[in-house]
Amino acid sequence: MKWRFESVKKYLQPKGSRALMVFGCQLALLFVIAFVVYASGGTQNARPHLAYLPIILAAFSFGIPGGLVSGMVAGLVLGPWMPMDVELAIYQQQSSWLFRLFFFMTIGGVAGLLFEVLGNTIEQLVEAEASMLRALSTTVSLRNKDTGNHSERVAYNALLVGKAMGLALADLQGLYWAAILHDLGKIATPEEILVKPGKLTPEEYSVIKQHPQIGADLLRSISEDFEPVIQGVLAHHERWDGTGYPYGQQGEEIHIFGRILAVVDVFEALTSKRPYRGPLLPEDAVNYICENRGSHFDPGTVDIFMDLYNQGKILVHGRPPDIEVAPPVSAKRVILSGKRYIFTD
Ligand SMILES: [Fe+2]
């Protein structure tokens, strides 16, 4: 299983036969506009301005070359053969249509340049957000040396469950980062509580219980785009029967990321060494999860998790394969940046 970058530019900035098809449609639109101009009496009215639409579309799809070619074609189809006044059969002066052709090409070229610059800038922003989230997750890992790779294993298993549930790509991205950062709020938990070998006092437990909210607040202060991640971080200690924290939500009231994380996080925690106990065998951990199906855990999520476990897909120890997942940025930014991540087996 791996994540890899795939360019959505193959749809928006297409190549091969798809490029021909998209460019053909844009050309067809130009000819439709030329017909509209002719049918409405010639270039003396404002209809030639309709040509900006296919020119801008071509600049968006094919960058500078698309804008230039589309501008040239638009200038020609509205050029020497297009009367200024159809009824009186008066044709345009050469200088008029040449000027329009030059202007269309300039608009197309500049629009193509701007789309390229904008796409690259947004792509850099998306990558900067991914680096920032990575840095936050590293902070959590460094703080909690005993649980090295804990978040990565939780994220890997959460992705397996999410994918088996049929979650959409954008949801899988949010789920991944929620899993990586689910314990972010523990950076505010005093170390003596985090590594305490014995049972926690009620006061200490109430401090621990603040970590979902602290993590969510931290993420919310960075970007509104992280809302899906925030929901997962907030809900990872909720329980199906309503006895969890911080809100005591129950059943399907609990965000789906929280329901998935509850299962994979507890499985991971049980099979890992902790300051106060050794690791449990995977069979004992899954027994615990099955025993708490419908009380602590969402029954549907447990069934999917058990299916994956029985197929040997759930990762128990070690470091999962390197996975690169983009942060859950808005669809608008994904389109303009031209890149997204896809999930492959
Ligand atoms: Fe937690």
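User: Which residues does Ala158 touch, leaving out residues up to four places away in sequence?

Analyst: In this predicted model, Ala158 touches Leu175, Ala179, Ile260, Leu261 and Val264.

User: How should I read a cluster of nonpolar residues like that?

Analyst: In soluble globular proteins, nonpolar side chains tend to be buried together. Here the largest nonpolar core has 50 residues, and Ala158 and Leu175 touch the most other members.

User: Which helices each supply at least two residues of this core?

Analyst: Helix 4 (94–143), helix 5 (150–165), helix 6 (169–180), helix 9 (211–222), helix 10 (227–235), helix 11, helix 12 (282–291) and helix 13 do. Helix 11 gives the largest share, 8 residues. A second core, separate from this one, has 24 residues, including Ala74, Leu78, Leu101 and Ala111.

User: How do I read the packing of two helices, say helix 5 and helix 11?

Analyst: Take the axes, then the handedness, then the residues that meet. The axes of helix 5 and helix 11 cross at roughly 135 degrees and come within 9 Å. The two helices are therefore oblique to each other. Helix 5 passes helix 11 in a right-handed crossing.

User: Which residues of helix 5 and helix 11 meet?

Analyst: From helix 5 come His150, Arg153, Val154, Asn157, Ala158, Val161 and Gly162; from helix 11 come Ile260, Leu261, Val264, Asp265 and Glu268. By type, the residues of this contact are 6 nonpolar, 3 polar and 3 charged. Ala158, noted above for its place in the largest core, is one of the helix 5 residues here.

User: At what angle do helix 11 and helix 13 pack?

Analyst: Helix 11 (residues 256–270) and helix 13 (residues 299–310) pack at about 50 degrees, and their axes are 10 Å apart. That angle makes helix 11 oblique to helix 13. The crossing of helix 11 past helix 13 is right-handed.

User: What makes the contact between helix 11 and helix 13?

Analyst: Helix 11 contributes Arg259, Ile260 and Val263, and helix 13 contributes Thr301, Val302 and Phe305. Of the residues in this contact, 4 are nonpolar, 1 is polar and 1 is charged. Ile260 of helix 11 takes part here, and Ile260 also meets helix 5.

User: How do these details fit into the whole protein?

Analyst: Start with the secondary structure, then burial, then the sequence separation of contacts. The protein has 14 helices and 4 strands. It has 345 residues, of which 39% count as buried. Among contacts between residues at least 6 apart in sequence, 70% join residues at least 24 apart.

Note on methods:
Residues numbered from 1 in each chain as written. Predicted model: local features only at pLDDT ≥ 70, side-chain atom pairs only at ≥ 80, totals over all residues. Buried ≥ 20, exposed ≤ 12 C-beta atoms within 10 Å, placed from the backbone. Contact = placed C-beta atoms within 7 Å. Axes fitted to C-alpha atoms, helices over the stretch in contact; angles between N-to-C directions. Parallel < 35°, antiparallel > 145°, perpendicular 65-115°, else oblique. Left-handed = near helix turned anticlockwise from the far one by under 90°. Nonpolar A, V, L, I, M, F, W, Y, C, P; charged D, E, K, R; others polar. Core = buried A, V, L, I, M, F, W, Y, C linked by C-beta atoms within 7 Å.
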